Amino acid sequence: MPAFDADLAEVIARAREAGVTRMMTCATSMDDAALNLSIAQRHGLKASVGFHPHHARDWTDDSEARLRALIDTSPEIAAIGEVGLDFHYNYSPPDAQCDVLRRQIRMARSAGLPLIVHCRDAREQMKQLFVEEGAREAGGVLHCFSEDADFARFCLEQGFFVSFSGIVTFKKAEQIRDAAKLVPLDSLLVETDAPYLAPVPHRGRRNEPSHVVEVARFVAQLKAIPPEALAAATSANFDRLFSSRRRPPGRGAAEAVKDRR
């Protein structure tokens, strides 16, 4: 993102000094895929490539082949994303968003890579596409979760992880906090979505990876566990989700949530 053009190396150094040991940088279209990959290579990060729903309108006949070429030649790429549906802004037509998401779910299944999924105001359509396209076979994570506990339960039943950003700390985010309480530790991740959505006490300023520590502390308090326990769990989950290709979906997620009903 341009917000980090001036000081990216310092931002990454601050994150590591704060105790952040695992980071992923995510593309949103072919326009930023190569730059995203080069950042990962220079700084020792994981990377993802994919078409965000805002950019679904830019998908062309050769987009899939170009994405597959990057995936096949770049070991840093550990996921397909950011993909999904956003019917709040509709920067791309809903039909185009659905078509491009279907194509990327199929690509993830064939490549043995997990999905990084964005969902805003599109829960029912997302449920339908997940089931019809066998998204469970790919696995992945609902990133920057902003929906309710029922949708979190669906995602867990599909074998997906659920990731919480700084939104969970916002005053009016009660439904997101309810979802965070529901998600079991072995299916939970934390993130920044930098440069957006800085958590309290940084809200209103540029978000950066070091701030994920505040998200982790907040979620640990919600779950009434030590921050160290949540940090250990989310680190292990990151490794389980992104460490290798052709790995199975999240272990025991559906069973864990059923136990909590």
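This report walks through the salt bridges, strand pairing and helix packing of the structure above. Keep in mind that the model is predicted.

**Salt bridges**

Let's start with the charged side chains. The model has 17 salt bridges, and three of them are set out here.

| Acidic residue | Basic residue | Closest N to O |
|---|---|---|
| Asp239 | Arg22 | 2.9 Å |
| Glu133 | Arg106 | 2.8 Å |
| Glu208 | Arg206 | 3.3 Å |

Take the pair of Asp239 and Arg22, whose closest N and O atoms sit 2.9 Å apart. This one links distant parts of the chain: Asp239 belongs to helix α10 (residues 227–242), while Arg22 is in the loop between α1 (8–17) and β1 (24–26), and the two positions lie 217 residues apart in sequence. Is each partner buried or exposed? Asp239 has a relative accessible area of 31%, so it counts as partly exposed. Arg22 comes out at 32%, which makes it partly exposed as well.

Next up is Glu133 with Arg106, a salt bridge with 2.8 Å between the closest N and O atoms. Glu133 is in helix α5 (residues 123–133) and Arg106 is in helix α4 (residues 94–111), so this bridge ties together parts that are 27 residues apart in sequence. How exposed are the two ends? Glu133 is buried because its relative accessible area is just 7%, and the cut-off for buried is under 20%. Arg106, at 43% relative accessibility, counts as partly exposed.

The third pair in the table is Glu208 and Arg206, whose side chains meet at 3.3 Å, N to O. Glu208 has 7% relative accessibility and so counts as buried, whereas Arg206 is partly exposed at 28%. This bridge also belongs to something wider: salt bridges with shared partners join Asp7, Arg14, Arg206 and Glu208 into one network.

**The loop after α1**

Back in the loop between α1 and β1, where Arg22 sits, you'll also find Gly19. Is Gly19 buried or exposed? Its relative accessible area is 51%, and anything over 50% counts as exposed, so Gly19 is exposed. If you're tracing the chain from there, Val49 is 30 residues from Gly19 in sequence, and their C-alpha atoms are 26 Å apart in space.

**Strands**

Now for the strands. β1 pairs with strand β2 (residues 46–49) in the parallel sense, over 3 bridges. Which residue of β2 partners Met24? That bridge partner is Lys46. Together with helix α2 (residues 30–43), β1 and β2 make a β-α-β unit, and the unit is right-handed.

On to β2 and strand β3 (residues 77–86), which also pair in the parallel sense over 3 bridges. In this pairing, Ala47 stands opposite Ile77 of β3.

**Helix packing**

Two packed helices are described by the angle between their axes and the distance between the axes. The pair to look at here is α2, the helix of the β-α-β unit, and helix α3 (residues 63–73), which pack with their axes 11 Å apart and at an angle of about 5 degrees. Angles under 35 degrees count as roughly parallel, so α2 is roughly parallel to α3. Which residues make the contact? From α2 it is Met30, Ala33 and Leu37, and from α3 it is Arg66, Leu67 and Leu70.

How values were computed. Residues are numbered from 1 along each chain as its sequence is written. This is a predicted model: local features need pLDDT of at least 70, side-chain atom pairs count only at pLDDT 80 or more; totals for chains, interfaces and linings use all residues. Side-chain values use heavy atoms; hydrogens and water are left out. A salt bridge is a side-chain nitrogen of Lys or Arg within 4 Å of a carboxyl oxygen of Asp or Glu. Helices (H or I, at least four residues) and strands (E, at least two) are DSSP runs, numbered from the N terminus. Buried means under 20% relative accessible area, exposed over 50%, partly exposed in between (1.4 Å probe, protein chains only). Two strands pair if DSSP finds at least two bridges between them. A crossover is right-handed if, with the strands pointing away from the viewer, the path from the first strand over the helix to the second runs clockwise. Axes are lines fitted to C-alpha atoms, for helices over the stretch in contact, and angles run from 0 to 180 degrees between N-to-C directions. Angles under 35 degrees count as roughly parallel, over 145 as roughly antiparallel, 65 to 115 as roughly perpendicular and the rest as oblique. Contact means heavy atoms within 4.5 Å.
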